[in-house]
Number of protein chains: 2
Amino acid sequence: MTHTASVTAAILVIGDEILSGRTKDRNIGYIADYLTKIGIDLREVRVVGDVEAEIIAAVNALRTRYDYLFTTGGIGPTHDDITADAVARALGVGISVDPRAISLLLERIKPEDLNEARRRMARIPHGAELIENEISKAPGFWISNVIVMAGVPAIMQSMLDKVAPKLVTGAKMLAQTVAAGELPEGAYAADLAALAEASPELSIGSYPSFRDGRFHNEIVVRGKDREQVGVAAASIEALVARLLKERV
Amino acid sequence: MTHTASVTAAILVIGDEILSGRTKDRNIGYIADYLTKIGIDLREVRVVGDVEAEIIAAVNALRTRYDYLFTTGGIGPTHDDITADAVARALGVGISVDPRAISLLLERIKPEDLNEARRRMARIPHGAELIENEISKAPGFWISNVIVMAGVPAIMQSMLDKVAPKLVTGAKMLAQTVAAGELPEGAYAADLAALAEASPELSIGSYPSFRDGRFHNEIVVRGKDREQVGVAAASIEALVARLLKERV
């Protein structure tokens, strides 16, 4: 991997089934974790349905704004799988059945079963690199800064593993978490705001969760300099300890 | 609820913690299900970080395009909770501490504990209706067609229950699922495409999942006319039965 200061990305999830609630997305969180770990900053996510104009508009909005755009969904053999054509149109390139993709499909499908629908899965925009997957063989593809992956989580994950070593990555975002327990956010918010203002290079967040009728709060310090993150986290730990003591 | 032909919505999820992968969103799927059930068509979702300009841009893009915009996240007492101010700015209205919101907070917080940070949770854009929640008392709000809710799932769900009876809803999207089992998508894609083309008022999708090394496919017919949905589903059931028989 090559390293530069900051590399950004967006995710575009494509599929009516996510918007209807039928399918619960499991790719956004996975890709978010993955990108954070390798040093790419995820900045935006969008979900759109299986509507060509919507996909084209979202692809163009996101690919022009971030270093990478990862898409999931819509690359199977059925009529509602329109991602490849939409991406080709968004980029203004042609698309046709790719012999390299046919070869991959033939590793899993018998030649006599390679019907028109299955050949659709080999439609690849001109100029794209294929992204193999170990699971179903039907490839994703990478064109310009757009990385087109399957929606089925196991297949998407296999594709992401193939792509990751080739991505340009930046400094990794490091995170340190301080448990505030049942100390209410309102008790430490002012001190935390002062610390955040004094540390513009860090991102400091307070995250409540609600279990068994009570809040359980965590404070997270994120940044790219390990020492800065550590110093801020230590000072938050001291703050939390002091406030907890005062409450007893 | 009032009923009109088609009512549309978008969701805007706000929070660095979703983009970093630290927190896995559980609100999108919940709201998607909820809206589908009450007859509102979710058309788009976006996730942005705790960055005012990003929130404003997304709020304006989505509220002008859909009948409703639901936001989650960023309405707590800490410095990274900037949703209320960003929404006020997006709509070009003022914002200040709202006495109605203070009253709600005082149901949970002692007057002597109502510090500056907690008073932040009572900052409400001018002209907004409050959305109460049974859990933490800190309200969300509804202004114009923008519905601003908490990010903590239990609280968001409580707010959505308060809002739902007041929403204008349309005809419900009905869905019927046909299990295709291990019948591969490529085997039925052509017939399904023909059926989809002949039924422009229906949305027909094929959804593979991958378990134990095999695909398990489901075909879903969605539409607002119960009879049309039923007829299409029956014809897909017959198709699947025929193809499964041919394969034996």
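The following paragraphs describe how two chains are arranged and joined in a predicted model.

In this predicted model, local features require pLDDT of at least 70 and side-chain atom pairs count only at pLDDT 80 or more, while totals for chains, interfaces and linings use all residues. Residues are numbered from 1 along each chain as its sequence is written, and chains are lettered from A and ligands numbered from 1 in the order in which they are written.

The relation between the two chains comes first. Chain B is superposed on chain A by a rotation of 180 degrees with 0.0 Å of shift along the axis, at an RMSD of 0.0 Å; the fit is by least squares on the C-alpha atoms of residues with pLDDT of at least 70 in both copies. This is therefore the relation of a two-fold axis. The residue of chain B that comes closest to the rotation axis is R46(B), whose C-alpha lies at 2.2 Å. Both copies use the same surface, since 100% of the contact residues of chain B recur in chain A.

The interface takes 53 residues from chain A and 53 residues from chain B, where contact means that C-beta atoms, placed from the backbone, lie within 7 Å. On the chain B side, the elements that each supply at least two residues are α1 (16–19), α2 (27–38), β3 (41–48), α6 (116–120), α7 (153–163), α8 (185–198), β12 (203–211) and β13 (214–223). Helices here are DSSP runs of H or I with at least four residues, and strands are runs of E with at least two, numbered from the N terminus. The side of chain B that touches chain A has 24 nonpolar, 15 polar and 14 charged residues. In this classification Ala, Val, Leu, Ile, Met, Phe, Trp, Tyr, Cys and Pro are nonpolar, Asp, Glu, Lys and Arg are charged, and the others, Gly among them, are polar.

Strand β3 (residues 41–48) of chain A runs antiparallel to β3(B), and five bridges join the two. Within this pairing, R46(A) has R46(B) as its bridge partner. Strands are taken to pair if DSSP finds at least two bridges between them. The β3 strands belong to an open sheet of twelve strands with mixed pairing, in the order β7(A)-β8(A)-β9(A)-β4(A)-β2(A)-β3(A)-β3(B)-β2(B)-β4(B)-β9(B)-β8(B)-β7(B). At its edges stand β7 (129–131) of chain A and β7 (129–131) of chain B, each pairing on one side only. From one strand to the next, the twist averages 20 degrees.

Helices pack on this sheet. In chain A, helix α2 (residues 27–38) touches β2 (8–14), β3 and β4 (68–72), and its direction makes about 165 degrees with that of β2(A). Axes are lines fitted to C-alpha atoms, for helices over the stretch in contact, and angles run from 0 to 180 degrees between N-to-C directions. In chain B, helix α3 (residues 52–63) lies across β2 (8–14), β3, β4 (68–72) and β9 (146–149), running at about 170 degrees to β3(B).

Helix α3 also meets a second helix. In chain A, the axes of α3 (residues 52–63) and α4 (residues 83–91) come within 9 Å and cross at roughly 50 degrees. The angle makes α3(A) oblique to α4(A); angles under 35 degrees count as roughly parallel, over 145 as roughly antiparallel, 65 to 115 as roughly perpendicular and the rest as oblique. The contact joins E52(A), I55(A), I56(A), V59(A) and N60(A) of α3(A) to T83(A), A86(A), V87(A), R89(A) and A90(A) of α4(A). These contact residues comprise six nonpolar, two polar and two charged. In chain B, α3(B) and α4(B) pack at about 50 degrees with axes 9 Å apart.

Chain A also holds an open sheet of three strands, ordered β11-β13-β12, with antiparallel pairing. Its edges are β11 (174–181) and β12 (203–211), each with a single partner strand, so one side of each is left without a neighbour in the sheet. Neighbouring strands are turned by 25 degrees against each other on average, direction ignored. Seven bridges join β11(A) to β13 (residues 214–223) of chain A, and T177(A) stands opposite V220(A) in β13(A). Helix α8 (residues 185–198) of chain A lies across β11, β12 and β13, running at about 165 degrees to β12(A).

Note on methods
Two residues are in contact if their C-beta atoms, placed from the backbone, lie within 7 Å.
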